[in-house]
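Trainee: I would like a close look at a single part of this model, taken slowly and with the terms made explicit.

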Amino acid sequence: MPSPQPTPANRPDRIRQGDRDKAFRPLPMAARRAAFAEGMALWDRGEYFAAHEALEPAWMGSDDLAERALHQGLIKVAAAYVHAGRGNPPGIVKNLTGARRHLLTAGDAGRAWGIDVPDLLVAIDDRLTDPTLLGTPQSIRRIPAA
C-alpha cells in the first residue's frame, strides 16, 4: 500500500495559503524586512524581475497569512510588469488578477509594511479595466505608501 501524501501538518516546509500548499522557509522578521526593503528598492528602479525575486524570501519566510498575501500580491504585480515589458497583455492580466486576489486577503498587513493596499487595488482595477494600459507599465509603477 502506498504511503499517504504529506500534508501541511506533517510537512514543516509547507503552509496552506488559500486552496494550495505553498513553500514555507521560516525567516525572522528582520530578514523578511530586509528582503522587502531590497525588493522595494529594486521596484523603485524599475527592476521588476529582480524585485520579484528579492520579495520571495519575505513571502516564504512568514507563517502569517495576511503578510504572505501582501508579499505574494506584490510579487504578482512585479511579474505583471515583467510581462508588460515583454508586450504580453495576457500575462499582465493573469498576474494582476492573481495579485488582486491575494491583496484582498492582506488585511492590515499592508499598513504594517507601509503599503496602501486599497490604493494599490484601485490602481490594479484601473489597469485591468482600461485595455490601453495593458501593454504599458505606467499605471501602477509606484506602490502607494500607507
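Trainee: Which residues are exposed on the other side of H1, away from its buried residues?

Mentor: This is a predicted model, in which local features need pLDDT of at least 70 and side-chain atom pairs count only at pLDDT 80 or more, while totals for chains, interfaces and linings use all residues. Residues are numbered from 1 along each chain as its sequence is written, and side-chain values use heavy atoms, with hydrogens and water left out.

Ala-30 and Asp-44 are exposed on that other side of H1 (exposed is over 50% relative accessible area, buried under 20%, partly exposed in between, with a 1.4 Å probe and protein chains only). The buried residues of H1 are Arg-32, Ala-35, Phe-36, Gly-39, Met-40, Leu-42 and Trp-43. They lie on the same side of H1, because they cover an arc of only 160° around the axis (the arc of directions from the helix axis to the C-beta atoms). These buried residues pack against helix H2 (48-60) and helix H3 (65-85); helices are DSSP runs of H or I, at least four residues, numbered from the N terminus.

Towards H3, Met-29, Arg-32, Phe-36, Met-40 and Trp-43 in H1 meet Glu-67, His-71, Leu-74, Val-77, Ala-78 and Tyr-81, contact meaning heavy atoms within 4.5 Å. The two helices pack at an angle of about 25°, with axes 12 Å apart; axes are lines fitted to C-alpha atoms over the stretch in contact, and angles run from 0 to 180 degrees between N-to-C directions. Just after H1, Gly-46 has a positive phi of about 80°.
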